Amino acid sequence: MHIHLDKEKCIGSGQCVLAAPEWFDQDDNGIALVLEGSNSEGAADVVGRAAYTCPARAISVDPD
């Protein structure tokens, strides 16, 4: 799975962090970050939910 985060689109709502805190965090400006080394087991549903809840549609997921 490849997670694409468009930081230019991110508005810092934090919905991705609420939906998938093991996959996303926010920097000091509130812009989302994808966390490295997250456990991929069962991740498609969780990351998909985070992408769905993003109001800016800044997250997309490509299954590998």
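In what order do the elements of the chain run from the N terminus on? In this predicted model, the order is β-α-β-β-α-β. The secondary structure thus described consists of two helices and four strands. The radius of gyration of the chain is 10 Å, close to the 11 Å that the globule rule gives for 64 residues, so the chain is as compact as a globular protein of that length. Taken along the principal axes, the box filled by the C-alpha atoms is roughly 30 × 20 × 15 Å.

Burial and contacts were examined next. Of the 64 residues in the chain, 34% count as buried. When contacts between residues at least 6 apart in sequence are considered, 54% of them join residues at least 24 apart.

The largest nonpolar core of the model has 19 residues. Cys16, Trp23, Phe24 and Ile59 are the residues with the most contacts inside this core. Two or more core residues are given by each of β1 (2–5), α1 (15–19) and α2 (43–53). Of these elements, α2 provides the largest share of the core, with five residues.

The surface and the charges complete the description. The accessible surface of the chain comes to about 4100 Å², and carbon and sulfur atoms account for 47% of this area. The chain carries 4 positive and 11 negative charges, and the mean positions of the two sets are 8 Å apart.

Definitions and conventions. Residues are numbered from 1 along each chain as its sequence is written. This is a predicted model: local features need pLDDT of at least 70, side-chain atom pairs count only at pLDDT 80 or more; totals for chains, interfaces and linings use all residues. Side-chain values use heavy atoms; hydrogens and water are left out. The radius of gyration is taken over C-alpha atoms; the globule rule is 2.2 Å times the number of residues to the power 0.38. Buried means under 20% relative accessible area, exposed over 50%, partly exposed in between (1.4 Å probe, protein chains only). Contact means heavy atoms within 4.5 Å. Accessible areas come from the Shrake-Rupley method with a 1.4 Å probe; for residues, only the protein chains shown count as cover. Lys and Arg count as positive and Asp and Glu as negative; His and the chain ends are not counted. The place of a charge is taken as NZ of Lys, CZ of Arg, CG of Asp or CD of Glu. A nonpolar core is a set of buried Ala, Val, Leu, Ile, Met, Phe, Trp, Tyr and Cys residues joined through side-chain atoms within 4.5 Å.
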